[in-house]
Amino acid sequence: MLLGEQDQFLSYNGEVLVFQLSKHVEKVDDKTVNLCVRRMSFNRDTKLFVEKSSGVFSMRASHSKTEMICCSCTTDSRTGIILPCILMKKKKRNNVKYFLLLLHSSNQFEQSFYFKLDYELKEDIRLFAGPSVLWRHANKLFYISSNTCVVQSAPVQLSSVVWTGEIVDEGTVVLGTRTACLPESEDADEFSVSDRAIWGSEFFAYAVQTQKMLPATCFMPHAYSRVVSSVCTCKTERLKKQLRISLVAVTHKNQLIWFQNGLPKGVCELPYEKPCSVKQAVTSSNDLLFIVSFASENSCVVQRRDILQVASKWQKVKCVLVDDFIGSGSEQLLLLFKDDSNTDVLSTFEITDLGDVNYASGISYKCDVPAAEGLQENGLLTVRALETRLQAGWTSVRELRQHLRLKKRVILESCRALIDLVEERTHTLPKAKEEGLVSLWDDVENPPHSLSKETSLASEVPEHFTEKLWQRVVGDSLVVGVKLTESFYLSLSDVSLSLVMDQDFSSISPIIKCQSKIIRLNKAFSALAVSSSQVEPPPKKIKLDLHSKSDLKTGFPKRSSGFQLDGAKTVTAVTSLSPLLAFHRVCCVVLLHARKQNHQNESLQESKRITILCGKILLSLEDISNGRYSVKMLRDYSFCTGSMEDILAVLAVSVRLSFQIVSSDCTLTPVNSWLLGEMECTPFKECHENIFCHKAGNLHGTIFNWTLKNPFEGVLTIFCRNLTVLFQCLHSLTGVLPPGCDVKLLRSGSKGVLTEQLALALEKEMLTLKNSVFLKETKAEDSLTWGNESGKKINSAPLASFLDTEEGVQRFRMKFQDEREEGVRSMNQTMNGALYQKIALKIAEAQLSSDMIVWRLS
């Protein structure tokens, strides 16, 4: 016969566990108490909870009263598996026995441990991993674990426990409140001290496993310690050894507050009084919901999107559980309502995620039944909020489009101004109001000629600085080349080309994206200068920060004034051809950008940026179709008759790689035979050392340079269209090389040339350092006074005259002492910032050159 019952509900892996404690009388002297568990799962067809399985745990309860205290899902430290855990109590006359039960998947109960107390647990009882039990009694914190089975106390005085949970690297942490303990040291946080002093209470965080205190201000400011009743943590992490926590807290003031890293970020007024607990749920739409339970058997859900707002509320709620009850892969809320007319524990319920999932007491609100009045009101509010957000988003898109149109107009006007500048035409800028801008200065009717300074720079450049302007089409690339005169090129660095369309296009930018290269042809034909897109060694990215960061992008050959390139110098620009052919006929202005060096002082501060008009090129689809600008590499008996411009165009679009081939046993004669035979190569008439591949297929158009240092060592340089062609060449080469050959990729140039360049660069660096040490701000440094205030110079009398007599030796000793003091004073001299910057730039530039060569040698 059923005499009485107590119900506890727990969600576990999508199921609802119902624990019932019943007492049966079998004999007059024998009393047995049964703890029954029923596993209930939701059936989506019948819209009801059905029982899957059950289990019973029997206890002898003669002369004692047995109760269920609480239940929770905790981690079993032996296996790491999360299991349902129930805390039970047996009360006799003078003592109370507590024991902890674990429920396994087979519905078998296991007693984990037990402990006895001379008082009853009533305040802040928590179950956590282990399993372990924590409680508060007489303003002290006690806990016991299955590992020790001994009751331990924490060395803290507290008035309440608001949260217990796991934190990375700390284990189980207890967050509570206590009377403020103000520190005596002056190093404490002033704001934290003021909060605790005003409110008289503070938060504390205690790590149970490590038995140490954690900074409580990572959770919340101490000013909230008198009002917070419960906390739910959303995220805990460590960033640079600093604890970062996101949480929500409910207060006695009927508020829910969102805290981020110890600072309040949002607040929401709750619809009922006396909130006692809060938990979270993540729905299918990734909405974060906070479920607040009240002492008046009411509940509400607060939704966090842009702001915190109450999404729904319910009354007469017996229990709220969070789990995936319908098996959709996300969490839902299960609300169990009080119903005195029905004895079934799951007779009146509701499953919802405040979205598409809505089930209530066996009826699906998802398909065939209208939503309840509260849900309809919530849906209307949601739609209004979405409409407002959509309108705000559309306004942002409209403003972004307007900004992009304005940005395009500014870029186009800047391009027109640049073209007028290089063609020495007067350019009139539109007024700010016409462009929809706000002028940073007053607009005047007759603006001064602000371009006079730029035009004066162009006038300083020699009139005849280019020998030839040409263009070629190689595959899908357009190559534009400018051959520079020798005298003009020696005074420039950081040379590049730009192509600007001369037509007035309103919808596109007239600047054509291209890649610039400097190419030189000498007797060895091995020097293709470093492209502007080459990556420099990592240490150089932070070593020198000049006024223009592009100064460091072109590599050593362009920057160094100590190693001038011999032979013809040509600057090329390579761009994609197909976008230009869309206009059928295009006229482009060719601009040369360079830095004009001062012959007397090579400092970068003394150089000037110049832009020079080199001419115009005309490109039409008819010319391309007729092959007017095509590269013509014809085979004339044993030579290739390509012109110098054709060779340079092929080099500009090619990838250059050099390989050092060393054979220890056999000579490298097969390499030359492989080039002239299998690869069908012929040398150029202009430079016989370089050969052009006429073999049909992908290898056609590849240029080779084979240089023998000795019969057993040589360097093979390959200019190919892409890496696929390179691999084909290497695969064919490995088939003819003698066994035991060592093939090594060279970064740039031969080892001997780079070694010589390194020696010169180190010599220049040493001279720069030497001259910088003896450089002074005034011209008086030529004298050897070294800052001597008396202005005395060192006497050049013979040394022997001082050493003849004792008095002479004494005089020599005094003079040596004075000179040593003067040397010390000279080392302590100061200089102004401009002089120091000038010296630093010179030293850094010299070190940049030598380090670049070392990187290329490595």
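# Exercises on a predicted model

Glu297 is located in the loop that links β22 (288–294) and β23 (299–304). The structure is a predicted model, and the exercises below treat its backbone, sheets, buried elements and cysteines.

## Exercise 1. Backbone geometry in loops

Determine the sign of phi at Glu297 and at Cys149, and classify the accessibility of each residue.

Solution.

Step 1. Glu297 has a positive phi of about 60°, although it is not a glycine.

Step 2. Cys149 likewise has a positive phi, near 60°, and is a residue other than glycine. Cys149 sits in the loop between β11 (140–145) and β12 (152–157).

Step 3. The background expectation is that most residues other than glycine have a negative phi.

Step 4. The relative accessibility of Glu297 is 33%, so Glu297 counts as partly exposed. For Cys149 the value is 38%, so Cys149 also counts as partly exposed.

Next, state the configuration of the peptide bond from Gly130 to Pro131 and locate Pro131.

Solution.

Step 1. The bond from Gly130 to Pro131 is cis, with omega near -5°.

Step 2. Most peptide bonds are trans.

Step 3. Pro131 belongs to the loop between β9 (123–128) and β10 (132–137).

## Exercise 2. A four-stranded sheet

Give the strand order of the open sheet that contains β9 to β12, and identify its edge strands.

Solution.

Step 1. The order is β9-β10-β11-β12, and the pairing is antiparallel.

Step 2. The edge strands are β9 and β12, each of which pairs on one side only.

Step 3. From one strand to the next, the twist averages 20°.

Step 4. The antiparallel strands β11 and β12 are joined by four bridges. One residue pair to inspect is Lys140, whose bridge partner in β12 is Gln157.

## Exercise 3. A six-stranded sheet

Derive which strands of the sheet β41-β42-β43-β44-β40-β45 leave one side without a neighbour.

Solution.

Step 1. This open sheet has six strands in the order β41-β42-β43-β44-β40-β45, with antiparallel pairing.

Step 2. β41 (681–683) and β45 (742–746) stand at the edges with a single partner strand each, so one side of each lacks a neighbour in the sheet.

Step 3. The average twist from one strand to the next is 30°.

Step 4. β41 runs antiparallel to strand β42 (residues 690–693), and three bridges join them. Thr682 has Phe692 as its bridge partner in β42.

## Exercise 4. Enclosed elements

Assess how far helix α9 and strand β36 are enclosed by the rest of the structure.

Solution.

Step 1. The criterion for a buried residue is a relative accessible area under 20%.

Step 2. In helix α9 (residues 644–653), nine of the ten residues are buried, so the helix is largely enclosed by the rest of the structure. Among the buried residues are Glu645, Asp646, Ile647 and Leu648.

Step 3. In strand β36 (residues 585–596), eleven of the twelve residues are buried, so β36 is largely enclosed as well.

Step 4. Twelve bridges connect β36 to strand β37 (residues 608–620), and the two run antiparallel. Ala594 pairs with Ile610 in β37.

Then classify Asp323 and give its C-alpha separation from Ala281.

Solution.

Step 1. Asp323 is in strand β25 (residues 317–323).

Step 2. With a relative accessible area of 15%, Asp323 is buried.

Step 3. Asp323 and Ala281 are 42 residues apart along the chain, and their C-alpha atoms are separated by 8.1 Å.

## Exercise 5. Cysteines

Establish how many disulfides the structure holds, and examine Cys70 and Cys300.

Solution.

Step 1. The structure holds zero disulfides; the cut-off between the two sulfur atoms is 2.5 Å.

Step 2. For Cys70, the nearest cysteine sulfur is that of Cys71, 7.0 Å away, and Cys70 is in no disulfide. Its relative accessibility of 19% makes Cys70 buried.

Step 3. For Cys300, the nearest cysteine sulfur is that of Cys268, 7.3 Å away, and Cys300 is in no disulfide. At 0% relative accessibility, Cys300 counts as buried.

## Exercise 6. A nonpolar surface patch

Identify the residues that form a nonpolar patch with Phe727, and describe the setting of Phe727.

Solution.

Step 1. The patch on the surface consists of Val655, Leu723 and Phe727, with about 280 Å² of accessible area together.

Step 2. Phe727 lies in helix α11 (residues 723–734).

Step 3. The relative accessible area of Phe727 is 56%, so Phe727 is exposed.

How values were computed:
Residues numbered from 1 in each chain as written. Predicted model: local features only at pLDDT ≥ 70, side-chain atom pairs only at ≥ 80, totals over all residues. Heavy atoms only, no water. Patch = residues over 30% accessible without salt bridge, like charges linked within 9 Å, V, L, I, M, F, W, Y side chains within 5 Å. Areas by Shrake-Rupley, 256 points an atom, 1.4 Å probe, with all protein chains shown as cover. Salt bridge = Lys/Arg side-chain N within 4 Å of Asp/Glu carboxyl O. Buried < 20%, exposed > 50% of the residue type's maximum accessible area, 1.4 Å probe, protein only. Pairing = 2+ DSSP bridges. Axes fitted to C-alpha atoms, helices over the stretch in contact; angles between N-to-C directions.
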